[in-house]
Amino acid sequence: MTNDMRMSRRSALKAGAALAAGTAAADGFSGTALADDVRRFDGQRSVDPKGRVLLKGGAIVSMDAKVGDLVKGDLLIEGSKISAIAPEINTADAQVIDALDTIIVPGLVDCHRHSWEGQLRRINPNSPTLADYMNATHLSFAKFYRPQDHYVGNYLTAMGCIDAGVTCVIDNSHNSRSAAHSDAAVEALFDSGIRAVHASGPPGAGDWDHQWPADLERLQKKYFSSADQLVTLRMFSGPIRENWAMARKLGLRITTEFQGPQQAALLDPLAADKLVGPDNTFNHCGALPERTWQIFLDSGANINVCPRSDAQYALGEGVCALQHAWDHGIKPGFSVDNETSYSTDMFMEMRVALYLQRAVAQNRKFSGDQNPPKPLMVRDVLHCATVGGAHCAGLDDKIGSLAPGKEADLIVIRTDAINLYPSNNAIGTVVQAAERSNIDTVIIGGRVRKYRGRVVGLDMVSLKAMIDESRNHLFTAAGYRPDIFAELLPKLS
């Protein structure tokens with residue numbers, strides 16, 4: 001991918017951002033602050049520490065025990081951080097967002113997303129096995145990704161996350177076929193304005209440059225000179241001693257796909273040598289023996305569960321490991337995993353998790369279990385989607401809850417829409433009924449990224465053209481003839 005290609009791509013997106021700034025300003029939010037925000041769209045330049053935004057009159061679900069919840073309250077942002085939360089805040093120099101008839105909650109955190117697959121959305125919606133997923137990704141289209149396809153996939157996924165209230169995503173990038181592919185993926189995350197953890201990993205099939213994992217050091221020097229930026233770096237690797245040693249030499253956290261007794265056996269010798277720790281995050285975690293759960297507890301490792309993915313692809317027990325985690329006193333994060341079969345939003349993830357847990361608990365009770373699990377409450381599920389996710393991202397000190405001193409990552413949900421009004425229970429509304437169209441405002445690191453239901457800086461015309469070009473290339477290269485009514489993707493490998 002040449003520098004000219006990168007510049008033309010970024011120029012097209014920035015032109016759309018300027019247009020979006022004007023549109024959003026016309027919608028009623030003070031134009032100067034929002035236009036300035038969009039002018040920062042393509043980089044990680046520091047937010048004006050004197051810039052103030054005041055959200056006024058919303059119901060606040062802080063997910064912080066000291067702050068608590070407010071039936072009606074104000075939240076003041078100064079620069080990138082929350083400076084105050086109170087029943088009423090009066091300040092003369094803040095940009096005001098009217099939050100009446102809204103619920104303000106921490107931004108949702110997706111702990112595990114293969115962002116590069118963005119242009120393959122719902123290509124295989126039935127996909128009843130892991131083999132079907134592999135056929136639709138690693139064994140077929142993945143092998144033909146160019147760097148620009150990586151950019152498009154990551155950018156589309158990130159913008160979809162913002163639209164759906166996911167303010168932070170751990171990007172499990174397991175198709176880094178060259179250094180240029182990795183650069184494109186990282187640049188897309190920077191350009192989108194999302195908070196992201198780029199977990200760089202090797203491809204699952206096909207030819208590649210075998211530059212990974214050595215390339216992690218180059219990536220770190222080129223893009224990640226500061227830990228105080230929206231996009232950070234980590235390693236995506238299986239339980240491989242040499243890889244983990246390199247990650248720790250570079251000071252990087254590690255994310256691992258983890259499922260079943262075979263993976264558990266690979267972890268045992270690492271755990272015996274005290275090589276599992278709080279810098280590890282494990283995805284899925286289904287069908288694991290008791291000794292592995294003890295390793296998680298002893299080491300302080302983080303886990304996230306995949307309510308839809310495990311059921312969709314018949315992984316492990318077919319039911320996500322939420323109950324196993326809860327039984328061991330672990331409150332996990334949630335993750336979407338991918339969009340090749342279903343939607344991007346964490347609202348569905350929360351609901352599926354709640355229903356699966358209650359179904360399993362009731363089934364055990366019905367089957368004679370004298371000590372069945374207690375049903376989870378909606379606040380428990382929201383905790384997983386916010387605080388639990390921040391823990392997996394290693395960002396507990398910055399995000400996951402709303403409190404003075406924390407980064408201003410939050411979403412504002414309108415409750416006066418026909419599908420939500422009247423809102424008789426704030427957390428019940430968020431977990432059991434809200435969806436992406438109810439999200440009025442998204443703020444990430446103090447920057448307005450969605451306002452009055454529209455993503456700031458999103459030039460859909462230019463983005464669609466990029467997506468279409470990328471998708472057509474991948475379909476042609478893989479020999480796939482599109483069939484929008486296909487029950488299953490034909491064998492492509």
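# Notebook: strands, pockets and cysteines

**Entry 1. The parallel sheet.** I began with strand β9 (residues 231–236), which runs parallel to β10 and is joined to β10 by two bridges. The model I am reading is a predicted one. Across this pair, I found Met 235 opposite Ile 254 of β10. I then asked in which order the strands of the open sheet are arranged. I read the order as β6-β7-β8-β9-β10-β11-β12-β13, eight strands with parallel pairing. The edges are formed by β6 (108–113) and β13 (333–334), each of which pairs on one side only. I note for reference that strands of a sheet pair through backbone hydrogen bonds, either parallel or antiparallel.

**Entry 2. The second largest pocket.** I stayed with β10 and turned to a pocket that this strand helps to line. The second largest pocket holds about 600 Å³ of space. I noted 29 lining residues, and those closest to the pocket centre are His 174, Phe 236, Glu 257, Phe 258 and Gln 263. Two elements give two or more residues to this lining, α3 (130–136) and β10 (254–258). Which element gives the most to the lining of the second largest pocket? I found that β10 does, with four residues. By class, I recorded twelve nonpolar, 15 polar and two charged residues in this lining.

**Entry 3. The largest pocket.** I next looked up the largest pocket, which contains about 720 Å³ of space. Its lining is made of 35 residues, and Gly 118, Gln 119, Arg 121, Arg 122 and Arg 471 lie nearest the centre. The elements that supply two or more lining residues are α4 (147–163) and α15 (460–478). I recorded α15 as the source of the largest share, eight residues. The classes here are 18 nonpolar, seven polar and ten charged residues.

**Entry 4. Strand β5 and Ile 103.** I then moved to strand β5 (residues 102–106), in which Ile 103 lies. Is Ile 103 buried or exposed? I count Ile 103 as buried because its relative accessibility is 2%, under the 20% limit. The strand as a whole is mostly covered, with five of its five residues buried.

I looked up the partners of β5 as well. Strand β1 (residues 52–61) runs parallel to β5 and is joined to it by two bridges; in this pair Ala 59 stands opposite Ile 103. Strand β14 (residues 410–414) is antiparallel to β5, with five bridges between them. The bridge partner of Ile 103 in β14 is Ile 413.

Which residues does Ile 103 touch, leaving out those up to four places away in sequence? I listed Ala 59, Val 61, Ile 411, Val 412, Ile 413, Thr 415, Ser 423, Ala 426, Thr 429 and Val 430. Both bridge partners just noted, Ala 59 and Ile 413, appear in this list. I also checked one distance: Ile 103 and Ala 301 are 198 residues apart in sequence and 32 Å apart in space, C-alpha to C-alpha.

**Entry 5. Two hairpins around β16.** I followed the chain on to strand β16 (residues 447–451), which is mostly covered, with five of its five residues buried. Strand β15 (residues 439–444) pairs with β16 in the antiparallel sense over three bridges. In this pair I found Val 442 bridged to Lys 450 of β16. The hairpin of β15 and β16 has two residues between the strands, and Gly 445 there takes a positive phi near 55°.

On to the next pairing: β16 and strand β17 (residues 454–455) are antiparallel and share two bridges. Lys 450 has Val 455 as its bridge partner in β17. I noted that β16 and β17 also form a hairpin with two residues between them, where Arg 452 in the turn has a positive phi of about 50°.

**Entry 6. The cysteines.** Last, I asked how many disulfides a search of the whole structure finds. The result is zero. Why is Cys 285 without a bond? I found its closest cysteine sulfur, in Cys 306, to be 8.2 Å away, which is too far for a bond, since a disulfide needs the two sulfurs within 2.5 Å. Cys 384 is likewise in no disulfide, and the nearest cysteine sulfur, that of Cys 320, is 9.1 Å away. I recorded Cys 285 as buried, at 0% relative accessibility. Cys 384 is buried too, with a relative accessible area of 1%.

Terms used:
Residues are numbered from 1 along each chain as its sequence is written. This is a predicted model: local features need pLDDT of at least 70, side-chain atom pairs count only at pLDDT 80 or more; totals for chains, interfaces and linings use all residues. Side-chain values use heavy atoms; hydrogens and water are left out. Buried means under 20% relative accessible area, exposed over 50%, partly exposed in between (1.4 Å probe, protein chains only). On a 1 Å grid over the protein atoms alone, a cavity is a set of points where a 1.4 Å probe fits but cannot get out, and a pocket is an open set with protein on both sides within 12 Å along at least five of seven lines; lining residues have an atom within 4 Å of a point. Grid points are joined across faces, edges and corners, and a volume is the space filled by probe spheres set on the points. Ala, Val, Leu, Ile, Met, Phe, Trp, Tyr, Cys and Pro count as nonpolar, Asp, Glu, Lys and Arg as charged, and the others, Gly among them, as polar. Contact means heavy atoms within 4.5 Å. Two strands pair if DSSP finds at least two bridges between them.
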